Amino acid sequence: MTETDPYALMLESLTELKPEIDPAPRPQSILALPPLSEVLAEFEPMPQEALFLGVASDNLPVLLNLHDPVPGPVLIAGDAGTGKTGLLQTVASAATRMHQPEKLQFGVLTNHPEEWSGFEEIPNNVGVFPLYHKSAEDFILSLASWAHGNKTSRQLVLLLLDDLEAATNLDFDAKQNLRWLFFRGPSRRVWPLITLNPNRMESILPWLDKFRTRIFGPIQNSTYVRSLDAEDADLESLNVGTQFALREGEHWLRFWIPSFD
């Protein structure tokens, strides 16, 4: 008997039901996906250097090798309300389950710290810093100073910046340090994962060339899609809040993120 993949069936059912129950042009998530703890348990053991991003349609985990700096910083682009913050939170939650605090830590920069309520209690978390507060600039300076001197430490740090455009309001020194972290961070074991709302993309165009690795949620505007070099990704058909696309060579890899426990 052929073994059935329940996660693939769940997404398949979602795709089939969508035209019948959702007449709006934007797809919506209507089925609950498996919890993160259940998904991670199914894939154990995973490589020690792995950062979990989600699950591909073939039911294999999508992983980032944190010991290989070649992919560089990660950009997560999508329309408002399409799950960019949820993906960052999934990455942070999975990282804390897979890595001890002495091996990996993460810090969050956001204009909406209330969305990260509860994460401050996680031992791996060094802080949730409001971008409108001086503590954000202090954190960036501290992290850049650590990365400059980090030539032997094996510890990893995730820099989770929720809204790249908001970072343009930081002071000059903070922006310069942030640029350096984008360019040099992964080679110094600092991994920036950054979200971007395409309709606020114009002010940060000079930053975009730093991001060779780009993850996309749904984007409806074809001009934005073209500017982000994702014309053949069919981004408007992604399931809102749960499904993303990542270029893999000449093809696009679609993956989904689990629900929180």
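Here are some questions and answers about the predicted model shown above.

Reader: Which cut-offs and numbering apply here?
Author: Residues are numbered from 1 along each chain as its sequence is written, and side-chain values use heavy atoms, leaving out hydrogens and water. As this is a predicted model, totals for chains, interfaces and linings use all residues, side-chain atom pairs count only at pLDDT 80 or more, and local features need pLDDT of at least 70.

Reader: Happy with that! How far apart are the end C-alpha atoms of helix α3?
Author: Helices (H or I, at least four residues) and strands (E, at least two) are DSSP runs, numbered from the N terminus. The expected span of a helix is 1.5 Å times one less than its number of residues. For the 15 residues of α3, residues 84-98, that gives 21 Å, and the distance in the model agrees: 21 Å.

Reader: How many residues of α3 are buried?
Author: Buried means under 20% relative accessible area, exposed over 50%, and partly exposed in between (1.4 Å probe, protein chains only). Among the buried residues are Leu87, Leu88 and Val91. Helix α3 is mostly covered, and the count is 11 of 15.

Reader: Within what arc do the buried residues of α2 fall?
Author: In α2, residues 36-43, the buried residues are Leu36, Val39, Leu40 and Phe43. They line one face of the helix, because, seen down its axis, they fall within an arc (taken from the directions from the helix axis to the C-beta atoms) of 95 degrees.

Reader: Which residue of α3 meets Asp261 in a salt bridge?
Author: A salt bridge is a side-chain nitrogen of Lys or Arg within 4 Å of a carboxyl oxygen of Asp or Glu. Here the N to O distance is 2.8 Å, between Asp261 and Arg97. Asp261 is in the segment after β10, so the pair ties together parts that are 164 residues apart in sequence. Asp261 counts as exposed at 56% relative accessibility, and the partner, partly exposed at 46%, is Arg97.

Reader: Which strand forms a hairpin with β9?
Author: Two strands pair if DSSP finds at least two bridges between them. Strand β9, residues 243-248, has 6 bridges in the antiparallel sense to its partner, residues 251-256. The hairpin has 2 residues between its strands, with Gly249 in the turn at a positive phi of about 70 degrees, and the partner is β10.
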